[in-house]
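Student: Please take a close look at one part of this model for me, beginning with a loop residue whose backbone deserves attention. From there, please carry on in one connected account to the elements that pack around one another.

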Amino acid sequence: MKRNSDKNNKWQRMGNVCNISYIRFSKIHDLPVFILLVLVTAFLCVIASPVAATVETQHIATLGVSIENPAQTQDLLQKGKVLYEAGQFAEAVKVLQQAVKSYSSQGNELRQAVALSNLALAYQKLGNLTQAQQAITASLKLLEKSSTAQNLQVLAPILDIQGSIQLDLGQAQQALNTWQRAEVSYKQLGDQNGITRDRINQAQAWQVLGFYRRGLTILTQLQEELQLKPNSLNKAVELRSFGDALQLAGDLDQSRRVLQQSLSIAQELDSPQDVSAALFSLGNTAQGQQDLKGAIVFYQQAAAIAPNSITKVQAQINQLNLLVNTGQTAAVQTLLPQIQTQLAQLPASVTTIYAQINLAQSLMKFGTTPQAIAQICAFALQQAQDLADKRAESFAQGTLGSVYEQTKQWSIAQNLTQQALNIAQTINAPDIAYRWHWQLGRLLKQQGEIKNAIAAYDTAVSELQILRSDLVVVNRDVQFSFKESVEPVYRESVELLLQFQQTHPSELTLDKARQRIEALQLAELDNFFREACINAKTVLLDTVVDKDNPTAAIIYPIILPSQLQVIVKIPKQPLRNYTVNKSQKEVEGIIIKLREYLLEPDRTEEVQGLSQEVYGWLIKEIESDLQESGVKTLVFVLDGILRNVPMAVLYDGQQYLVEKYAVALSLGLQLIAPKPLTQTKLNVLAAGLVQPPKDFQQQFPPLPEIKSEFNSISQAIASTTQLLDRDFNSKNLESKVNAVPFNVLHLATHGQFSSRAENTFILAADGPINVTQFDSLLRRRDQTRSEALEMLVLSACQTAVGDNRATLGLAGASVKAGARSTLASLWHISDKSTAILIGEFYRELVKTKVTKAEALRRAQAKLLKDYPNYSRPGYWAPYVLVGNWL
């Protein structure tokens, strides 16, 4: 079974779930249309969206087709329906196979097609995607033999099933095409609910393919259509599905508003099932927003009103996981017995198995005795084997292995993990297999088998690279978060490689380690945007350093749990590394304090002391080599919290780094094809906003010096187009972007960088422009103009308060703009000092023809030395240059 198709787009579906660690018991397209031939009018009971969380039990849709079939065969379909709803998919398969044979022997192709489509659904739930694909293909072949009204009525929901299977197979483009075809069929039938369902499906397929804005546009149009409908349970379900889709697309605020509307309608129409489901979805969205208190309340309410035990348990397990994560021990101890009592009373089903696996994972974090957790896993494993569900069996077996890992029973843990891995490989499920390769790597490392451990980690990373956007679809059944389930794979792998390097020195090992850290940084960006986002043609940094700019060195600090590792590339020299014996906790503590002191006016001495310590970590070891090699520019590929401090502020005891070197940041080992700016005539499109919009005036002060800043740019660069104040709105900016020739976009307005894309924006007169809009705004220009965007300047931005990963937003802005370089501020400082620094920067660029990094260095040094009022690092240090420094 092939899962490599759409390879370049496979990170987004992973990104869609990466920061959310709640139970995803099912996708909406995993609650698809189980078709039952009956004599009543057709109706659909659930929106079949491909990648959304929901809690209700498997709903069935009936399609009215006039039939005269033997009751016995119709009973087989009914029995299959009951088994499917009960989560007994293997038993459902057996019954449906009998139904297929029976209809085949009767020569009734329509009914045979329906039975085959239901069989495909059951196979899909078991993770047997090859058989699911074969069954759905056979079903469609039978239907396509004739185009009767009855066939058309059945065709549309069968196409929905085919699309969901294609998406599971990683065939996003084929899934999109199938759902577009299904929409046409629903239009012919006049079925508005079916049309809505397929548009939601298509929107998410577009996002999987990397067309984020296109997908969101479809969802926005759908919302407008939904608002026109009268309130009904159908509308409540559609809104809930829409809210789930928005949550997965990363638009959490909008998701919450839509889900609240779904909840209100369900309450108004007194439908406990839909009220509970809406509350559950609201809990998921609130958790994604980091509103943990709100999420706990939503899950409590969902459990309280849930009309069935499984929904109640699902909500309670999500609640328990949050209580564990927030250290609410007493509440956990109160809730846990209730969950255990209810689980014991539930019949065996796939849903029950995953509930037990998720409970076990929460209890491992809580510190429950391993014996108790092992019993839960063993029971789940037995149920999975009884139901012949290989995916669930692999998860249960591997989770049991992790329990033995906790108790340091390495060989038993390894044996169980290997069995789990074998099952995952048998059903070709790399989304599960990467977990067990990772677990195997940890176990082998503990047993001293370092080479084998490295090989296991290599395979885990390779599988993550292949999956890219796939994990949101395939990991719907178990708790999953980027920070817990992806980032550690990369970091532990790098730690192992560098440990091996100490006894077996090799430049190849060092290169592999830094490539892996780069892969992690790209994964973070994909997770940030919920889509694979770097597709530009790039050049290796080493090539630039060795050939194009042999006066630049690259420094890669890597934060590991027990130490800081630094890999260095000096021109014409092999890679080298050195170890700083500072734990991650120590590094983070010093960086947080340094960042805090940089913003305080009377802390210059403390800033210098802490900056000198960081200088000792990163520069002191290579100081003499840098001087001997004639290095003039330092390019940092920073890791984690180090991104929150500008490297220009590092202090050697007498001078800041910016007094000796030009400084730039890079997002990784590759650079968008570099070109010295000195070879290019500058044309600037400048937009600025003195007074923030009304809703943002408490958060952001006015910027009266923007006019002075613009005058400085005009004096340095003759070719300047300006949009100021009211003229700077999103519509005018888009118009100018498409009409005016420019290669520098200068935005002098407040903005915020955050670790969440929805909170990363710049302000225009008509409100915030989100970072995700940079893509549609600037990339559209790429289609009409060959001139590259050389530089994006964001002169009055700041990182979100209390967000240690906020510089992801800066990296994201740079990537989305498609600019070779981005100059931005990490925090908001004096409006006047900004105008001076920006003016000096452009003057140096144009008049002295130096690199962008050197122009920034000179502008910062000018503030430091020639303007006593602005000599404190807080004024000149926050400006960072990301990307091409030439």
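Tutor: Gln290 counts as exposed in this predicted model, because its relative accessibility is 52% and the cut-off for that class is over 50%. The residue sits in the loop that joins helix H12 (272–288) to helix H13 (292–305). Although Gln290 is not a glycine, its phi is positive, at about 65°.

Asn428 also has a positive phi without being a glycine, with a value near 50°. Its place is in the loop between helix H19 (410–426) and helix H20 (430–446). Asn428 counts as partly exposed because its relative accessibility is 27%, a value that falls in the class between under 20% for buried and over 50% for exposed.

The two helices on either side of Asn428 also pack against each other, and it is worth following them in detail. Two packed helices are described by the angle between their axes and the distance between the axes. For H19 and H20, the axes come within 9 Å and cross at roughly 155°. H19 is therefore roughly antiparallel to H20, and their crossing is left-handed. On the H19 side, the residues that meet H20 are Trp410, Ala413, Gln414, Thr417, Gln418, Ala420, Leu421, Ala424 and Gln425. On the H20 side, the residues that meet H19 are Ile432, Ala433, Trp436, His437, Gln439, Leu440, Leu443, Leu444 and Gln446.

H20 also packs with helix H24 (residues 487–503), at an angle of about 35° and with the axes 11 Å apart. This crossing, too, is left-handed. For this contact H20 uses Tyr434, Trp438, Arg442 and Lys445, which meet Pro488, Val489, Glu492, Glu495, Leu496 and Gln499 in H24.

From these helices one can turn to a strand. Strand E4 (residues 552–559) has eight of its eight residues buried, so the rest of the structure largely encloses it. In a regular strand the side chains alternate between the two faces of the sheet. In E4, one side carries Ala552, Ile554, Tyr556 and Ile558, while the other carries Ala553, Ile555, Pro557 and Ile559, and both faces are covered, with all of these residues buried.

The strand partners of E4 run in two senses. With strand E7 (residues 633–636), E4 pairs in the parallel sense over four bridges, and within that pairing Ile554 stands opposite Val635. With strand E5 (residues 564–569), E4 pairs in the antiparallel sense over six bridges, and there the bridge partner of Ile555 is Val568. E4 and E5 form a hairpin, with four residues between the two strands.

Strand E7 (residues 633–636) also leads on to another strand, since Thr633 and Leu634 are among the contacts of Ala662. Ala662 lies in strand E8 (residues 662–665) and counts as buried because its relative accessibility is 0%. Leaving aside neighbours within four places in sequence, Ala662 is in contact with Lys632, Thr633 and Leu634, and also with Ala853, Glu854 and Arg857. The C-alpha atoms of Ala662 and Arg858 are separated by 8.3 Å, although the two residues are 196 residues apart along the chain.

Arg858 in turn is one of the H35 residues that meet H34. The axes of helix H34 (residues 831–847) and helix H35 (residues 852–866) come within 8 Å and cross at roughly 140°. The two helices are therefore oblique to each other, as an angle counts as roughly antiparallel over 145 degrees. H34 passes H35 in a right-handed crossing. The residues of H34 in this contact are Ser833, Ile836, Leu837, Glu840, Phe841, Glu844 and Leu845; in H35 they are Lys852, Ala855, Leu856, Arg858, Ala859, Gln860, Lys862 and Leu863.

As background to these details, the secondary structure of the protein comes to 36 helices and 17 strands. Of its 886 residues, 63% are buried, and the area that the protein exposes is about 31500 Å², of which carbon and sulfur atoms supply 48%. Among contacts with a separation of 6 or more, 72% come from residues 24 or more positions apart.

Key. Residues are numbered from 1 along each chain as its sequence is written. This is a predicted model: local features need pLDDT of at least 70, side-chain atom pairs count only at pLDDT 80 or more; totals for chains, interfaces and linings use all residues. Side-chain values use heavy atoms; hydrogens and water are left out. Buried means under 20% relative accessible area, exposed over 50%, partly exposed in between (1.4 Å probe, protein chains only). Contact means heavy atoms within 4.5 Å. Accessible areas come from the Shrake-Rupley method with a 1.4 Å probe; for residues, only the protein chains shown count as cover. Two strands pair if DSSP finds at least two bridges between them. Axes are lines fitted to C-alpha atoms, for helices over the stretch in contact, and angles run from 0 to 180 degrees between N-to-C directions. Angles under 35 degrees count as roughly parallel, over 145 as roughly antiparallel, 65 to 115 as roughly perpendicular and the rest as oblique. A crossing is left-handed if the near helix is turned anticlockwise from the far one by less than a right angle, and right-handed if clockwise.
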